[in-house]
Amino acid sequence: MRILLAEDDEALGRFVRQGLEAENHAVEIFADGELAKNAATENDFDLVVLDLNLPKLDGVSVLRHLRMKKPSLPVLVLTQRTRVEDRVQCLDLGADDYLGKPFSFSELSARLRALVRRSHLPSESVLSVADLKLDRVERRVERAGRRIELTTKEFSLLEYLMRNAGRRVTRSMIIEHVWNLTFDTTTNVVDVYINYLRRKVDDGHPAKLIHTVRGVGYEVSAPSEARAPEVRA
């Protein structure tokens, strides 16, 4: 899953991101409310974890904005404000869950999984291309009914490709969404990880699902849907 974390405490943000990335999620942190609001509005995220005490624009204002612009986007409020009045206000404004600080990471993770199960249709939480299936909630990958074990980064890369199944994605798009970095033309990390995925997903199967698009990047699609001949990297 791609998660937006609005948190101005750098150490806490780093702690939460490391924990969620260890569970195969891609996490982007924004340290003020204005940046978080703009990013959540302009980009596709599966979840928002929202602190209320944010600089520039407070979390309540961000929540109001998101409920107008993206009413179905799951939002979990994570805050030091634990008064009943604060909980009631945020829940009435459309927050899907509310967790006070300090908190247990295992509880936060469980609450996020519960939000995804409640908020997404099965077709959105389980991605499928031909006989390849990726469960974004259970973090499970299977092809032709057989389990495929992936590392955290391999899972994130395959999830991004499958979310864009049938579409060509460039190396710079992959770097930005999977590694949360600006693309460096000297790096071959994307090609290296694509080859890792090919060995685990495609090898041993007559139908290849991971395709190289010459001069563009990559796409995941069933062979009949591929838009360009494959050139193995």
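Is Phe105 buried or exposed? In this predicted model, Phe105 is buried, with a relative accessible area of 18%. That value falls under the 20% limit for a buried residue. Of the 2 aromatic pairs that the structure holds, one joins Phe105 to Phe15 in an edge-to-face arrangement, with 6.0 Å from centre to centre and 75 degrees between the planes. This pair links distant parts of the chain, since Phe15 belongs to helix H1 (residues 10–21) and Phe105 to helix H5 (residues 105–119), 90 residues apart. Phe15, at 43% relative accessibility, counts as partly exposed, whereas its partner Phe105 is buried.

Tyr193 and Tyr196 form another edge-to-face pair, because their ring centres are 5.1 Å apart and their planes stand at 75 degrees. Both tyrosines lie in helix H9 (residues 189–201), where a spacing of 3 residues corresponds to about one turn of the helix. Tyr193 has a relative accessible area of 22% and is partly exposed. Tyr196 also counts as partly exposed, at 32% relative accessibility. A further contact with an aromatic ring involves a charged group: the charged end of Arg2 sits over the ring of Phe45, 4.5 Å from the ring centre.

Salt bridges were considered next. A search of the whole structure finds 19 of them. Among them is the contact between the side chains of Arg163 and Asp46, with an N to O distance of 3.4 Å. Arg163 is located in helix H7 (residues 152–163), while Asp46 is located in the loop between helix H2 (33–42) and strand E3 (47–50), so this salt bridge ties together parts that are 117 residues apart in sequence. The two partners differ in exposure class: Arg163 is partly exposed, with a relative accessible area of 33%, whereas Asp46 counts as buried at 4% relative accessibility. Both residues also belong to a network of salt bridges in which Asp46, Arg136, Glu159 and Arg163 are linked.

Another salt bridge connects Asp131 with Arg143, and the closest N and O atoms of the two are 2.8 Å apart. Asp131 occupies the loop between strand E6 (126–129) and strand E7 (132–135), and Arg143 is in strand E8 (residues 140–143), so the contact ties together parts that are 12 residues apart in sequence. Asp131 is partly exposed, with a relative accessible area of 31%. Arg143, in contrast, counts as buried at 3% relative accessibility. A salt bridge is also formed by the side chains of Arg83 and Asp86, at 3.1 Å from N to O. In this pair, Asp86 counts as buried, at 8% relative accessibility.

The loop between E7 and E8 contains Glu138. This residue counts as exposed, with 51% relative accessibility, a value over the 50% limit for that class. The C-alpha atom of Glu138 is separated by 26 Å from that of Ala207, and the two residues are 69 residues apart along the chain.

Technical notes: Residues numbered from 1 in each chain as written. Predicted model: local features only at pLDDT ≥ 70, side-chain atom pairs only at ≥ 80, totals over all residues. Heavy atoms only, no water. Salt bridge = Lys/Arg side-chain N within 4 Å of Asp/Glu carboxyl O. Helix = DSSP H or I, 4+ residues; strand = E, 2+ residues; numbered from the N terminus. Buried < 20%, exposed > 50% of the residue type's maximum accessible area, 1.4 Å probe, protein only. Phe/Tyr/Trp six-rings, centres within 6.5 Å; stacked < 30°, edge-to-face > 60°. Lys NZ or Arg CZ within 6 Å of the ring centre and 35° of its normal.
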